[in-house]
Amino acid sequence: MKTAVCPGSFVPISTGHLDLVERAAAIFDEVVVCVMVNAEKRPMFSLEERLALVRAAAAHLPNVRAAACAGLLADFARENGAAAL
C-alpha cells in the first residue's frame, strides 16, 4: 500500500489544503493529513478542533485520515509507512 502524508498546522484547513488532499487521495492508497503541533505557537483552534475540522472536510474521501504529530515529521512519516510527503 502506498501512503502519503500531508503535513501542516491547518489553522483552519482551507479549500487549497483540501484540493491537495483530494489530489493525493486519487494517487495514493492512503493519505494521512498530519496536523502538526508547535508548542511555540498559539493557534486559533485547539488540536482536537483542527483534527475534527480536517476529518469533516475530508469525510467524502474514504482513504484519508487525520492524525496529530508533536514530534519530527520524518519520524511520523516513517511510522506511518509514507512513500511521499
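Which side chain meets Asp 19 in a salt bridge? It's Arg 23, with N and O 2.9 Å apart. This is a predicted model, and a search through the whole structure turns up three salt bridges, so let's walk through them with the usual cut-off in mind: a side-chain nitrogen of Lys or Arg within 4 Å of a carboxyl oxygen of Asp or Glu.

Start in helix α1, residues 15-27. Asp 19 and Arg 23 sit four residues apart there, so about one helical turn separates them. Asp 19 is partly exposed, at 31% relative accessible area, while Arg 23 is exposed, at 53%.

Now over to the strands, where Arg 65 forms a salt bridge with Glu 30 and the closest N and O atoms are 2.8 Å apart. Arg 65 belongs to strand β3 (residues 64-69) and Glu 30 to strand β2 (residues 30-36), so this pair ties together parts that lie 35 residues apart in sequence. What about accessibility here? Arg 65 is partly exposed, with a relative accessible area of 34%. Glu 30 has 18%, and it counts as buried because the cut-off for that is under 20%.

Last stop: helix α3, residues 73-79. Arg 78 and Asp 75 both lie in this helix, three residues apart, or about one turn. They form a salt bridge too, with 3.5 Å between the closest N and O atoms. Arg 78 is exposed at 57% relative accessibility, and Asp 75 is partly exposed at 33%.

As for the chemistry behind such pairs, side chains of opposite charge can pair when their charged atoms come close.

Methods. Residues are numbered from 1 along each chain as its sequence is written. This is a predicted model: local features need pLDDT of at least 70, side-chain atom pairs count only at pLDDT 80 or more; totals for chains, interfaces and linings use all residues. Side-chain values use heavy atoms; hydrogens and water are left out. Helices (H or I, at least four residues) and strands (E, at least two) are DSSP runs, numbered from the N terminus. Buried means under 20% relative accessible area, exposed over 50%, partly exposed in between (1.4 Å probe, protein chains only).
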